[in-house]
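Hi,

Here is the structure I promised to pass on. Have a look at it first, and then read my notes below.

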Amino acid sequence: MAHKSLLPPAVDAYVAAHSRETAEQRALREETQAMPEARMQISPDQGAFLGLFVKAIGAKRCLEIGTFTGYSALATALALPADGKLVACDVSITWTNVAKRYFERAGVADKVDLRIGDARETLAGLVAAGESGTYDFAFVDADKSSYGTYFERCLELLRPGGVIGFDNMLWRGEVTRPSADVDTEALRALNDQVFADPRVDASLLTIGDGLLLARKR
Ligand code: CA
């Protein structure tokens with residue numbers, strides 16, 4: 001599998017084979033799989049989880065930091081009600097052009113508000129526009145060194161009871177080993193912070209490469 005998984009390959013394949021996706025989701029996943037950056041795409045089971053979770057909490061307003069070619073955004077948008085909205089942030093026009101094609105094909109383009117640029121600035125802009133406390137769910141899967149900043153901004157933008165999901169929080173196990181790597185350090189710091197942070201309830205899941213859920217109290 002091109003993506004990062006903590007599971008043995010046979011189990012990973014079994015899980016993928018039992019993860020529902022639409023024809024558009026499958027086509028997008030396969031197109032992205034052929035790209036050099038394919039590892040940045042979440043796995044089908046993560047996509048299924050995101051969609052189910054968005055529905056389970058009745059989310060209407062979502063944020064995404066790090067859209068890449070759109071697999072997670074598509075899973076989220078498909079799970080949103082007709083009047084739902086996803087603000088999707090990424091730095092790459094090339095990658096998000098792939099995403100836009102599939103949002104159109106899947107009939108969810110009107111639900112996705114794509115913002116190209118530094119997500120730290122996009123999120124600060126949403127706060128400045130008075131949107132604090134109005135979002136239900138945020139999915140963060142972008143530059144790891146900024147996860148701490150994304151946590152604070154998303155926490156501000158979420159309503160009480162809203163949830164943030166951070167991807168790659170186990171970093172293929174690197175978080176358990178001594179390392180001077182800046183990304184590993186940032187992920188380890190956020191795991192430690194969220195574990196002790198009284199502003200949130202938290203659960204570190206071993207799905208994908210580690211998914212940390214933090215619910216705003
Ligand atoms: Ca990821």
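Where does K111 lie? K111 sits in the loop between α5 and β3 (112-116). Before I go on, a word on the ground rules. This is a predicted model, where local features need pLDDT of at least 70 and side-chain atom pairs count only at pLDDT 80 or more, while totals for chains, interfaces and linings use all residues. Residues are numbered from 1 along each chain as its sequence is written, and side-chain values use heavy atoms, with hydrogens and water left out. Helices (H or I, at least four residues) and strands (E, at least two) are DSSP runs, numbered from the N terminus.

Back to K111. At 10% relative accessibility, K111 counts as buried (under 20% relative accessible area is buried, over 50% exposed, and in between partly exposed, with a 1.4 Å probe and protein chains only). Not counting residues up to four places away in sequence, K111 touches A77, L78, L80, P81, A82, G84, K85 and L86; contact here means heavy atoms within 4.5 Å. From T22, K111 is 89 residues away in sequence and 17 Å away in space, C-alpha to C-alpha.

One of those contacts, A77, belongs to helix α4 (residues 71-79), which is largely enclosed by the rest of the structure because 8 of its 9 residues are buried. The buried ones are Y71, S72, A73, L74, A75, T76, A77 and A79.

Next, the calcium ion. D141 (OD), D141 (OD), D167 (OD) and N168 (OD1) coordinate the ion at 2.2 to 2.6 Å. Donors are N, O and S atoms within 2.8 Å of the metal (3.2 Å for Na, K and Ca), and water is not among the atoms, so sites may look incomplete. Along the chain, the donors follow the spacing D-x25-D-N. D141 and N168 link distant parts of the chain: D141 is in the loop between β4 (135-140) and α7 (147-157), and N168 is in the loop between β5 (158-167) and α8 (182-196), 27 residues apart. D141 is buried, with a relative accessible area of 14%, and N168 is buried too, at 8%.

What about the inside? The largest nonpolar core (buried Ala, Val, Leu, Ile, Met, Phe, Trp, Tyr and Cys residues joined through side-chain atoms within 4.5 Å) has 30 residues, and L63, I65, F151, I164 and F166 touch the most other members. Two or more residues each come from β1 (61-65), β2 (85-90), α6 (119-128), β4, α7, β5, α8 and β7 (211-216). With 6 residues, α7 gives the most.

Finally, two helix pairs. The axes of α6 and α7 come within 10 Å and cross at roughly 20° (axes are lines fitted to C-alpha atoms, for helices over the stretch in contact, and angles run from 0 to 180 degrees between N-to-C directions). α6 and α7 are therefore roughly parallel (under 35 degrees is roughly parallel, over 145 roughly antiparallel, 65 to 115 roughly perpendicular and the rest oblique). Helix α2 (residues 23-33) and helix α5 (residues 93-105) pack at an angle of about 165°, with axes 10 Å apart, so α2 and α5 are roughly antiparallel. In that second pair, E24, A27, L28 and E31 of α2 meet V98, R101, Y102 and R105 of α5.

Cheers
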